[in-house]
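Reader: Hello! I would like a close look at how one pair of helices packs, please, with the cut-offs behind each term. Some context on the rest of the model would be welcome too.

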Amino acid sequence: MQQGAKTYRAFISYSQQDAKWGKRLHRWLETYRIPAGIIEGVDGPVALGRFFRDEEDMPAAPNIASVVEKSIAQSENLIVICSPRSAQSKWVDAEIESFLKLRPDGKAFAFIIDGIPNADDPAVECFPDTFKRRAPEAEGENMPIEPLGLDIRKDGAERACARLAAGLLDIDFDALWQRDRRRAAQRQRWLIGGMAGLTAVFACLATIAVVLGLQARANAREAHDNLSAFFAERAWQKLEEDDTLSAARYALAGMHLSPRNARLYQSALSAILFDTGGPLPPLTHDSAVYGAEFSPDGEQIITVSDDQTAKVWSRQTGALLATLDSHSSRVAVADFSPDGLRLATGDAAGDVIVWDAQTWSPIAKLSDHTDSIRSVAFAPSGDQIVTASWDGSVRLWTGRS
């Protein structure tokens with residue numbers, strides 16, 4: 001695409017409540033590089049171009065601000081970050097309508113982050129009304145526009161960017177994705193090779209830092225542990241900034257300094273591998289983990305541990321959503337209710353706690369057992385809980401506690 005100083009590859013429209021996603025997608029697209037050889041006559045990787053993202057919270061109005069309207073006119077395509085918030089945003093609706101009128105030849109892409117497209121329930125609908133019809137002036141009546149949609153929850157960041165790039169360039173997605181994967185594999189091999197050589201350098205820097213900054217500490221091991229924790233924190237910070245190589249350097253430096261802080265830098269290294277196409281970061285406790293269960297909708301995972309807690313995690317990202325810490329002994333079992341609104345956890349003292357899965361606060365404590373809980377399960381109707389214990393008894397608890 002031949003771009004002038006004020007020409008954009010696409011206009012990114014979103015609700016201000018989804019501003020974080022607007023910034024994130026803008027960064028992804030403007031840092032994405034088209035693999036070499038995918039475009040005829042272009043030998044090296046090139047950028048997609050410029051993308052317009054409104055950073056100010058402008059009020060909704062019948063006619064959108066002139067600067068936004070001008071940017072829409074200068075944009076070849078439209079990308080709408082779709083969620084129940086954007087579906088109810090008058091500002092997003094106005095931007096889509098303006099694009100359909102000013103650029104009838106452009107493509108409209110739905111970047112779904114939350115909600116359900118074309119849902120019967122307005123509370124979960126993620127497509128704005130104007131996104132589902134053509135401008136009346138163009139056809140004489142409302143007609144579906146069938147936006148080109150992708151769901152970040154299913155595709156993930158790398159695949160989503162590649163799908164958008166393929167659509168914006170009007171090229172075959174499979175060909176682009178295969179080249180992307182080969183490039184990512186080559187980058188990961190280079191990253192791992194480079195990290196090994198840099199570990200020694202950071203170890204030397206770490207020693208200097210200990211001498212200069214931590215001389216007041218009497219225990220050298222404690223100093224190493226503290227510096228290792230600092231490096232792990234810096235690794236996460238660099239990972240958030242998309243600086244994967246620097247993140248790996250800090251994590252490896254921490255690993256060299258303090259084997260006792262293994263949980264810190266191993267989590268960071270796993271996250272780095274995930275960012276380059278590897279598995280999710282590990283879901284960790286401070287002691288042995290006794291079990292893990294998915295929520296009924298498959299979006300959450302609960303883990304139970306000898307550290308007297310149960311933890312709830314996001315299946316998509318591995319992020320910690322809640323720590324349930326009202327038990328006084330090892331938490332051995334857990335189960336979600338069929339509707340996913342409650343969950344129950346059982347511990348080694350014979351106590352079962354029922355939790356609200358919306359607020360993560362305890363609802364009830366069931367304490368008739370005299371020994372460790374071996375299993376806990378909700379009835380299919382959700383109005384009863386059955387528990388089994390080492391005390392030789394099984395108890396049935398009735399009522400939506």
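Author: Happy to help! Helix α2 passes helix α4 in a right-handed crossing, meaning that the near helix is turned clockwise from the far one by less than a right angle (anticlockwise would be left-handed). This is a predicted model, in which local features need pLDDT of at least 70 and side-chain atom pairs count only at pLDDT 80 or more, while totals for chains, interfaces and linings use all residues. Residues are numbered from 1 along each chain as its sequence is written, and side-chain values use heavy atoms, with hydrogens and water left out.

α2 spans residues 66-73 and α4 residues 90-102; their axes lie 9 Å apart, at an angle of about 45 degrees. That makes α2 oblique to α4, as angles under 35 degrees count as roughly parallel, over 145 as roughly antiparallel, 65 to 115 as roughly perpendicular and the rest as oblique. The axes are lines fitted to C-alpha atoms, for helices over the stretch in contact, and angles run from 0 to 180 degrees between N-to-C directions. Helices (H or I, at least four residues) and strands (E, at least two) are DSSP runs, numbered from the N terminus.

On the α2 side, Val68, Glu69, Ile72 and Ala73 are in contact (heavy atoms within 4.5 Å) with Trp91, Glu95, Ser98, Phe99 and Leu102 of α4. Sorted by class, this contact holds six nonpolar, one polar and two charged residues. Here Ala, Val, Leu, Ile, Met, Phe, Trp, Tyr, Cys and Pro count as nonpolar, Asp, Glu, Lys and Arg as charged, and the others, Gly among them, as polar.

For context, an open sheet of four strands runs β12-β13-β14-β15 with antiparallel pairing, where pairing takes at least two DSSP bridges between two strands. Its edge strands, β12 (331-336) and β15 (362-366), each pair on one side only. Five bridges join β12 to β13 (residues 342-347), and Val333 stands opposite Gly346 in β13.

β13 also has the highest mean pLDDT among the elements, 96, whereas helix α5 (residues 136-139) has the lowest, 44; pLDDT is the predictor's confidence in each residue, from 0 to 100. Over residues 134-145 the pLDDT is below 50, and this stretch has 19 contacts in the model beyond near neighbours in sequence. Where pLDDT is low, the predicted coordinates should not be read in detail. The protein averages 78, with 70% of the residues scoring at least 70.
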